[in-house]
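Ready for a walk through a protein model? Keep the 3D view open, and turn it as you read.

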Amino acid sequence: MTLQMQTLKLALETAGRAVRRRFGKVGYRLKGEANLVTEADLASQKAAIQVIKKAFPTHDFLGEEDARKNTGSPYTWVIDPIDGTTNFAHTFPQCSVSVALFYKNQVILGGVLNPITNEMFLAQKGKGATLNGKKIHVSNVKKVHEALLVTGFPYNRNEIMPELLHRFENFLRAGHDVRRLGSAALDLCWLAAGRLDGYWEQNLNPWDVAAGTLILTEAGGKVTDFSGKKWPKMQDFGRQVLASNGKIHAEMLTTLSR
């Protein structure tokens, strides 16, 4: 195991302990419309960054909770200390710590840990994806009408409600069924593990999707924007997310644009 992968796992485990210790024990405050932050977010982020800085002091990092080191290093660690903070705050156990390593604008390592269920998803570019050490692969569903789909809604949903509901209706009519689980990182990982078949969302950030995107693609899936294009730069990750097992991607694109 490389030092980078060892660091990734240790960062996830250390941050995960900070989250798990506080599950059901902390309050929260709003940092924006429908956007929460808790003491656990801050503790988790601090724990992950400490691990990364100790192993790779010259690397840059970007954390959701106003943590940034930008010296021009080609390596940037991107951290979401709790993806699914609303779930966490309400003791709904669908939340995760997400950590990815970019080399320039390409994700080369990704890890997502649900600290409540202890499911850890890992991927290294070109090496496949695992769940708790076992290889995972996307589903074999070939038609949207057979697919279990998942989505999420952005914090500014009131501003764009008509388009959100239009897309939701399109997929609700076309698919087998639709879920809304509340953690983009885990949505992508569950898609990688074959539990879900397709996913769409918009107005996310790199820390929400970077790790999950690598895990999904290494498991055989596909991720693009709503026009079918890949994200060219790190800052573009998450603005529009259409993800699938690869087999229904073209049909999902068509459904999305109706």
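Let's start at Glu119. Leaving out residues up to four places away in sequence, Glu119 touches Val112, Leu113, Asn114, Leu131, Asn132, Trp190 and Arg195. Keep in mind that you're looking at a predicted model. Glu119 belongs to strand β8, which covers residues 119–124. Is Glu119 buried or exposed? Its relative accessibility is 19%, and buried means under 20%, so Glu119 counts as buried.

Two of those neighbours are worth a second look, Trp190 and Arg195. Arg195 lies over the face of Trp190, 4.9 Å from the centre of the ring. So in one spot you can find Glu119 touching both Trp190 and Arg195, while Arg195 also sits over the Trp190 ring.

Now look at the backbone around here. Most residues other than glycine have a negative phi. Asn118 goes the other way: its phi is positive, near 65 degrees, and it isn't a glycine. You'll find Asn118 in the loop that runs between β7 (106–114) and β8. With a relative accessible area of 46%, Asn118 is partly exposed. Asn132, one of the residues that Glu119 touches, has a positive phi as well, about 50 degrees, although it is not a glycine. Asn132 sits in the loop between β9 (129–131) and β10 (134–135). Its relative accessible area is 46%, so Asn132 is partly exposed.

Next, on to the helices. Two packed helices are described by the angle between their axes and the distance between the axes. Try this with helix α5 (residues 184–192) and helix α6 (residues 206–218): their axes come within 8 Å and cross at roughly 5 degrees. Angles under 35 degrees count as roughly parallel, so α5 is roughly parallel to α6. Which residues meet there? From α5 come Ala184, Ala185, Leu188, Cys189, Leu191 and Ala192, and from α6 come Asp208, Val209, Gly212, Thr213, Ile215 and Leu216. Sort the residues of this contact by type and you get nine nonpolar, two polar and one charged.

Stay with α5 for a moment. How many of its nine residues are buried? Eight are, so the helix is mostly covered. Among the buried ones are Leu186 and Asp187, along with Leu188 and Cys189, which also take part in the contact with α6. After α5 comes Gly194, which has a positive phi near 80 degrees.

Asp208, on the α6 side of that contact, leads us to another buried spot. Asp80 touches Asp208, and also Glu64, Ser96, Val97, Ser98 and Trp207, again not counting residues up to four places away in sequence. Asp80 itself is in strand β5, residues 75–83. Its relative accessible area is 0%, so Asp80 is buried.

A second helix pair makes a nice contrast in how helices can be arranged. Helix α4 (residues 161–174) packs with helix α7 (residues 249–256) at an angle of about 130 degrees, and their axes are 9 Å apart. That angle makes α4 and α7 oblique to each other. On the α4 side the contact is made by Arg167, Asn170, Phe171 and Ala174, and on the α7 side by Met252, Thr255 and Leu256. By type, the residues of this contact are four nonpolar, two polar and one charged.

Helix α4 also takes us to the aromatic rings. The structure holds eight aromatic pairs. One of them joins Phe168 and Trp200: the ring centres are 6.4 Å apart and the planes are at 50 degrees, so the pair is tilted. Where do the two rings come from? Phe168 lies in α4 and Trp200 in strand β13 (residues 198–202), so the pair ties together parts that are 32 residues apart in sequence. The two partners differ in how covered they are: Phe168 has 23% relative accessibility and counts as partly exposed, whereas Trp200, at 4%, counts as buried. Both rings belong to one aromatic cluster together with Phe153 and Phe171. Phe171 is a residue you've met already, in the contact of α4 with α7.

Last stop: Lys230, in the loop between β14 (222–224) and β15 (240–244). Lys230 has 69% relative accessibility, so it counts as exposed. Its C-alpha atom is separated by 10.0 Å from that of Gln240, ten residues away along the chain.

Notes: Residues are numbered from 1 along each chain as its sequence is written. This is a predicted model: local features need pLDDT of at least 70, side-chain atom pairs count only at pLDDT 80 or more; totals for chains, interfaces and linings use all residues. Side-chain values use heavy atoms; hydrogens and water are left out. Axes are lines fitted to C-alpha atoms, for helices over the stretch in contact, and angles run from 0 to 180 degrees between N-to-C directions. Helices (H or I, at least four residues) and strands (E, at least two) are DSSP runs, numbered from the N terminus. Angles under 35 degrees count as roughly parallel, over 145 as roughly antiparallel, 65 to 115 as roughly perpendicular and the rest as oblique. Contact means heavy atoms within 4.5 Å. Ala, Val, Leu, Ile, Met, Phe, Trp, Tyr, Cys and Pro count as nonpolar, Asp, Glu, Lys and Arg as charged, and the others, Gly among them, as polar. Rings of Phe, Tyr and Trp (its six-membered ring) pair if their centres lie within 6.5 Å; planes under 30 degrees apart count as stacked, over 60 as edge-to-face and the rest as tilted. Buried means under 20% relative accessible area, exposed over 50%, partly exposed in between (1.4 Å probe, protein chains only). A charge sits over a ring if NZ of Lys or CZ of Arg is within 6 Å of the ring centre and within 35 degrees of the ring normal.
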